Amino acid sequence: MSYVLIIGAKSDIAKEVAKEYANAGYDLYLASREIESLAKFENDLKVRSQIDIKLLEFDLLDFDSHESFYNSLNPKPTITICVAGYLGEQKKAQTDFNEAKKIIDTNYTGCVSILNIVANDYEKNRVGSIVGVSSVAGDRGRKSNYIYGSSKAGFSAYLSGLRNRLHDFNVKVLTVKPGFVYTKMTENLDLPQKLTATPEDVAKDIFKAEQSGKDVLYTKWIWRFIMLIIKHIPEWIFKKMSI
Ligand SMILES: NC(=O)c1ccc[n+]([C@@H]2O[C@H](COP(=O)([O-])OP(=O)(O)OC[C@H]3O[C@@H](n4cnc5c(N)ncnc54)[C@H](OP(=O)(O)O)[C@@H]3O)[C@@H](O)[C@H]2O)c1
């Protein structure tokens, strides 16, 4: 079976995605900047699924290492899933450019850096599937998180262009736009239960969408309609709202 590369493998969503692919028999490259803490997860998954798993050190912000990281993979993954992200602190990012830059570089620049390399390989071989986990926050800027939102907007636009570029080369690109998800990223937020997904639900949606060659996935599905409404609120009203 072929390998799936999961970037940001320590993420709560990524771990559930890993389980989905392991259950389907795929081997896994789990890339994280702290692989020691994935050892137990790796062992449990290996015992349960009888697949091969390799843990790999990877930092999205270490742009210069990305080429050699990908070159070192043998065999190459046929599916690459970029889950890593950084919410950051909006208030801090408004006055501290280092925080703003970390948000932008994690959610946009770093993902572009590694996915450019993956995309060129898949284009050359005319095979492969790329999944990028963006966010509904990228669909419209809001005062509460527009630095994070704009980095995800950039990532969504990047994935859209990449999909367009790779269409003729038999390479699929899936953009994932989660709404609220119960993970460590949102553990301090008071989330509305009805609109909030579990990482397990999101992972199931991602697996199904990737395997069926879907282009854009909103998860939960209701977010497609919520964002359609939000995007259509006229700017003169939207700028007075607190959502
Ligand atoms: N939770 C939500 O409500 C929600 C909603 C919309 C979109 N999303 C997106 O879903 C994705 C997964 O997030 P999550 O909710 O599962 O949160 P999470 O558990 O906090 O996962 C984020 C992961 O990104 C990794 N990461 C951060 N900076 C990195 C870097 N420089 N290099 C490599 N990895 C890095 C983190 O690694 P460490 O574990 O080492 O810190 C962490 O494992 C993110 O892209 C997020 O923006 C989440």
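Reader: What makes the pair formed by a side-chain atom of Thr183 and an oxygen atom of the ligand a polar contact?

Author: In this predicted model, a polar side-chain atom of Thr183 sits 2.6 Å from an oxygen atom of the ligand. The cut-off for a pair of N or O atoms is 3.5 Å, so this pair counts as a polar contact.

Reader: How far from a ligand oxygen are the atoms of Arg33 and Ala84?

Author: For Arg33, a polar side-chain atom lies 2.9 Å from an oxygen atom of the ligand. Ala84 uses its backbone instead: an N or O atom there is 3.3 Å from a ligand oxygen. Each value is within 3.5 Å, so these two pairs pass the test as well.

Reader: How much of the ligand does the protein cover?

Author: On its own the ligand has 880 Å² of accessible area, and the protein covers 93% of that.

Reader: Which elements give two or more residues to the shell around the ligand?

Author: Those are helix 1 (12–23), helix 6 (146–166) and strand 7 (180–181). The shell has 26 residues, with Ser11, Val83, Tyr148, Val181 and Thr183 coming nearest. Sorted by type, it holds 12 nonpolar, 8 polar and 6 charged residues.

Reader: Okay, now the sheet. How do you know that strand 1 pairs with strand 4?

Author: Count the bridges! Strand 1 (residues 3–7) and strand 4 (residues 79–82) are joined by 4 of them. Pairing takes at least two, so these strands qualify. They run parallel, and Ile6 faces Ile81 of strand 4.

Reader: What is the strand order in the whole sheet?

Author: The order is 3-2-1-4-5-6-9, making an open sheet of 7 strands with parallel pairing.

Reader: Why are strand 3 and strand 9 called edge strands?

Author: Strand 3 (53–57) and strand 9 (216–219) each pair on one side only. Going from one strand to the next, the twist averages 15 degrees.

Reader: Which strands does helix 6 lie across?

Author: Helix 6 crosses strand 5 (128–133), strand 6 (171–178) and strand 9, and its angle to strand 6 is about 160 degrees. Angles here run from 0 to 180 degrees between N-to-C directions, so helix 6 and strand 6 point roughly opposite ways.

Reader: What is omega for the cis peptide bond from Asn74 to Pro75?

Author: That cis bond has omega near 5 degrees. You'll find Pro75 in the loop between helix 3 (66–71) and strand 4. The bond from Thr219 to Lys220 is cis too, with omega near 0 degrees, and Lys220 lies in the loop between strand 9 and helix 8 (222–232).

Reader: Where is Arg126 found?

Author: Look in the loop between helix 5 (97–125) and strand 5. Arg126 has a positive phi of about 55 degrees, although it is not a glycine.

Technical notes
Residues are numbered from 1 along each chain as its sequence is written. This is a predicted model: local features need pLDDT of at least 70, side-chain atom pairs count only at pLDDT 80 or more; totals for chains, interfaces and linings use all residues. Side-chain values use heavy atoms; hydrogens and water are left out. A residue is near a molecule or strand if one of its heavy atoms lies within 4 Å of it. A polar contact is a pair of N or O atoms within 3.5 Å; within protein, one must be able to donate a hydrogen and the other to accept it, and residues adjacent in sequence count only if both atoms are side-chain atoms. Accessible areas come from the Shrake-Rupley method with a 1.4 Å probe; for residues, only the protein chains shown count as cover. Ala, Val, Leu, Ile, Met, Phe, Trp, Tyr, Cys and Pro count as nonpolar, Asp, Glu, Lys and Arg as charged, and the others, Gly among them, as polar. Contact means heavy atoms within 4.5 Å.
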